[in-house]
Amino acid sequence: MADSTPMTMVEPVETGGGASFWQDARHRLWKNKLAVFGLAVISVLAVLCFTAFLFPNITGYSYEQQDLVLGPAPPSHAHWLGTDPLGRDLLTRLLYGGGISLSVGLCATAVSLIIGVIYGAIAGFAGGKLDMLMMRFVDILYALPFVIFVILLMVFLGQNIFLLFVAIGAVSWLTMARIVRGQVMAIKRQEFVEAAHALGLRRGRIIFRHIVPNLLGPIIVYATLTMPEVILLESFLSFLGLGVQPPHSSWGVLIKEGAEVMEEYPWLLLYPGFVMALTLFSLNFLGDGLRDALDVRGSKD
Amino acid sequence: MYLTLLCLALLAGGCGKHETLVEIGDRTQELRIGNEGEPASLDPAVATGVPEHNVLVSLFESLVFADGKDLSPRPGAAESWEISPDGIVYTFHLRKNGRWSNGDPVTAQDFVESYHRVLMPSLGSQYSYMLYPLKNAEAFNLGKITNFNEVGVKALDDYTLQLTLHSQTPYLLSMMFQDSWDPVPVAVIKKHGAIDDRTNPWTRPENFVGNGPFVLKEWRINSHILVEKSPTYWDAKKVRLNKIYFDPTEDADTAERMFRSGQLHSDTQPPPSKVAFYRKNKPDLIKVYPYLGTYIYKLNVTRPPLNDKRVRKALAMAIDRNAITETILRAGQEPAYFLTPPDTAGYTCQTKIKEDASAARQLLAEAGYPDGKNFPTVEVLFNTLQTHKAIAEALQQMWKKNLNVNIVLHNEEWKVYLDSLRQTNYFIGRFAWIGDYVDPSTFLDLFTTGSGNNETGWSNAEYDRLCRVAANTGNRAARYDAFQKAEAILMDEMPIMPIYFYTQARLIRPDVHGWYPNVIDDYDFKSIYLVPEKN
Amino acid sequence: MLRFITRRFLETIPVLFIIATATFFMMRLTPGGPFDSEKQVSPEIRARMEAHYGLDKPLFQQYLLQMKHLLQGDLGPSFKYPGRSVNEIIADSFPVSLELGCEALVVALVFGLAAGMVASLKQNSAWDHIPMGLAMIGICVPTFVLGPLLISAFALHLDWFNAAGWYFPRDRVLPALTLGAYYAAYIARLCRGGFLEVLNQDYIRTARAKGAGGAQVLFKHALRGGILPVVSFLGPTVAGVLTGSFVVETIFGIPGLGRFFVTAAFNRDYFMVMGSVLFYACFVMACNLVADVVLVWLNPKMRFE
């Protein structure tokens, strides 16, 4: 049965105590300038956004405060990034929305991670009939037109940010499950596992000491790469009108609103678009860097 | 490699200027219209929306049609008519040279059978109520009587049609602008399936037969509808257009871009931000005019605190409608202080809502919520659309500022929202009503007890009585007096909160001649023609 | 191989059955029905319409009836477009989406493979960073932003193309670029990753040490291995591309199937939703099958998995 994974598999390693492998990885990551840059950007943005999210009036405006008299205005001293057609301050909405988008990204990724890892690990470890059934189920889910189901889910469950996370996470775990399963199966066959088994180590010990550390690599990488997809997905839902609801904002909402008026009020698309693109870039570079760092086989001379 | 491919693509794009579709249309007298949506059906008895109506106006001709300038009823399939002194019997004399597009003559029997079809319960026509002025039409439609001979429509001979109404309906002729009054080729329909089967394929281009100035040539779902001048139309000599191309693009931004890039002569749904831009920078490309519709918030009077009319009035008085029309809508809309659009068939309501924040606060205090204290959570329900959201957000802030109440916004997807309204499962619900015909009753009848579109739970016996009075007399003074009193009750009880009156903002090129704005935005395709713009 | 294919065919039947059942119940249990409209109809008329389409029967009976029709290949009528059957609508709009999808794939493969190959050959140089950076644009700029930007620049300001529509050959360019950009980006990354992995293998180094030139090395050894991840990725994705993208079809006014997917769900057009879901599922499984066959052919090692 073919394994359709969209990324290269990390060759499992004998980890022993595990220390040197991780130190090695950290060292390689540090050398990768783009990845470091990505990490830095994400950290700064995350701090800014979550601060704005937790202390809503920090910029002097609230994200929902309207100024109908002012209307849409270009960047000025009073409003650093300008205002939207309802006179709301863009900088505030951008930071606040960033908090929401990043939270959605994190939570959805976490949901998809948890479900995917557990599911994939069970399937990979169990093997045989159970594995085949479980993977068939994944195939079925893959074959569903995702858009229709998210619409139905959103409509069915009402429109609520929490449910949004769950809905997105619930449809993103499939690839993670496949990867984890593949990885577990590859590891299972490794000699060191057989050796451990032969030595009489309990199943649990094998799992925790040997298998899990080898799973962490691909999981981390894939999780970092899932976040951008989730954020983009949230923006697509906003395009359909199903995403975050007013008066809250998210990057998806801001970009959608900005795209509609990009010829009259370009700043409304420019800033949110730039920030979101920057975040996605950073996440992707970080993920690539992590993958390069954790991939022993692809070591460069 | 990138560069070579890009060049190839751009070469394919065509070097230099090519003739735009609009320029080709000007040359060949082909009008290209942005039609706002894909028609669900081109059967006049089944169609319900504006995109359908625009196409049907070109394909069918009823007894009368609307003059493009002043909406007066002009002789269509009927060349003349008489109305009996008591206003109950209308006798129409059909043209002897009226023809279907397959050459058959248009006869009075065609009309009788068409109206029979519309009223057949099994067809499930959603606008059958437009024929209810006919005697016993409602009873027949609801299945209470089964003999169509009892309904007030008869063919006295091949070219004489007699309609008997159950009460005076002075606006009857203007009701005929709606598609349910169109004749349909019953014999042709029967050839393709059952007469009352909504899925009957008689409207496919290869089967289509109509009696209007144009015939259906092509119909590709989500792509286009093309109609061509009909050679059998009795007034074909007067029709100057050769073809009309209806574009079904629903996305407002896409449609506006198509207009700008020379693909459409006219676009009826420019986004608000573009409307402001055109009005300022390209005023010769845009026309803004009143449209027969009102945007309101329905208030569910069965749910506290909205069961207290003081609360309802307070909410209605504590908002600034001008701010909404000036900053959010910006397309010349007028704030609405009552329900029926001003000057509807000469009627303008005299009772107005007074916007007064302090008086509103006082009312709210009297109702038991001084300064908004203990005011329960009230939700505004609307369907997911940018403008509704913007308006709701603005109102939410106004209520917070003026009354210190926290109103929560709840947007639902379209069908869910409709379902909620229907089940009266909401607090405040956004709603809009576009008049079916030009008379105040199309608005005021909405809120009578038991009306399917009431949905507020509000019921007032005196209001019902006044609406009935207006329905049963043809005397204009008496009718309008009843309307004034009824609307005064409505504005006192406030089961609905009017927000603004619609306008239509239309992007239209100067090459289009013979088109005039009117309040129901009906096209008069017979009078429209194209003259290439001289550069 | 033949056994493999037949086994897959047989496996699809229970899968489709499960999908159909899940779709049916999910649609029916969602609030809002096909006949809800802003101008509400009287209850009598609503009852007539529901009876006409069999919606008044008990739910389970409707389910069995639907299954029976599906087995006969009849996808039912559309509620939104009375007079058109779902079969007809799909047959009419799918070729459009298919054409758009193929053109987008061509764009994606050409740009993506080119970028990936160049980047992998000159790893960590400007030739690596710049194409990969450009590729990133495809991933980080949503289609509903990229599309209008392209239209604004090329159609409205430069007047090279129409803003929307699907009449002339040149109308294909902007939509294909917009739709293809995202996939081009992914393909570029996968391709680069795959090639790098192969290029760093010992046997490649040996070939190079023996004096084989860059291009020769690439085409003889690396291509096969490097394309593997791309094919794995394309399998399920191709189905999505070929069945139409709602966003691109909306922005460019393209009469494809993608739009129906979304609007049918919003309209509660039950039969249309069922038809779309099943059509899509079949298509995905077919594409997966093709991808798996290609994978096995490319990589004999996997034959024994």
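Tutor: Before we count anything, note that helices and strands are DSSP runs, with at least four residues for a helix and at least two for a strand, and keep in mind that this model is predicted.

Student: With that in hand, how many helices and strands are there in chain B?

Tutor: Chain B has 17 helices and 19 strands. Chain A, by contrast, has 10 helices and 0 strands, and its elements, read from the N terminus, run α-α-α-α-α-α-α-α-α-α.

Student: How compact is chain B for its length?

Tutor: One compares the radius of gyration with what the globule rule gives; for chain B the radius is 25 Å and the rule gives 24 Å for 535 residues, which is close, so chain B is as compact as a globular protein of that length. Along its principal axes, the C-alpha trace of chain B spans about 80 × 75 × 40 Å.

Student: What share of the residues of each chain is buried?

Tutor: A residue counts as buried if 20 or more other C-beta atoms lie within 10 Å of its own. By that count, 53% of the 535 residues of chain B are buried, while in chain A buried residues make up 50% of 301.

Student: Which residues have the most contacts inside the largest nonpolar core?

Tutor: The general idea is that, in soluble globular proteins, nonpolar side chains tend to be buried together. Here the largest nonpolar core has 334 residues, and those with the most contacts inside it are Ile151(A), Ala184(C) and Ile187(C). The largest share of this core, 19 residues, comes from α7(C). Leaving aside residues up to four places away in sequence, Ile151(A) touches Leu242(A) as well as Val262(C), Ala265(C) and Phe266(C).

Student: Since α7(C) has come up, at what angle does it cross α6(C)?

Tutor: For such a pair one looks at the axes: those of helix α6 (residues 143-157) of chain C and helix α7 (residues 173-199) of chain C come within 10 Å and cross at roughly 145°, and the crossing is right-handed. Among the residues that make this contact are Leu146(C), Leu150(C) and Phe154(C) of α6(C), together with Leu174(C), Leu177(C) and Tyr182(C) of α7(C). The residues of this contact divide into 10 nonpolar, 3 polar and no charged.

Student: And how many residues are in contact between chain A and chain B?

Tutor: On that interface, 14 residues of chain A are in contact with 16 residues of chain B. The side of chain A that touches chain B divides into 7 nonpolar, 5 polar and 2 charged residues.

Methods: Residues are numbered from 1 along each chain as its sequence is written. Chains are lettered from A and ligands numbered from 1 in the order in which they are written. This is a predicted model: local features need pLDDT of at least 70, side-chain atom pairs count only at pLDDT 80 or more; totals for chains, interfaces and linings use all residues. Axes are lines fitted to C-alpha atoms, for helices over the stretch in contact, and angles run from 0 to 180 degrees between N-to-C directions. A crossing is left-handed if the near helix is turned anticlockwise from the far one by less than a right angle, and right-handed if clockwise. Two residues are in contact if their C-beta atoms, placed from the backbone, lie within 7 Å. Ala, Val, Leu, Ile, Met, Phe, Trp, Tyr, Cys and Pro count as nonpolar, Asp, Glu, Lys and Arg as charged, and the others, Gly among them, as polar. A residue is buried if 20 or more other C-beta atoms lie within 10 Å of its own, exposed if 12 or fewer, and partly exposed in between; C-beta atoms are placed from the backbone. A nonpolar core is a set of buried Ala, Val, Leu, Ile, Met, Phe, Trp, Tyr and Cys residues joined through C-beta atoms within 7 Å. The radius of gyration is taken over C-alpha atoms; the globule rule is 2.2 Å times the number of residues to the power 0.38.
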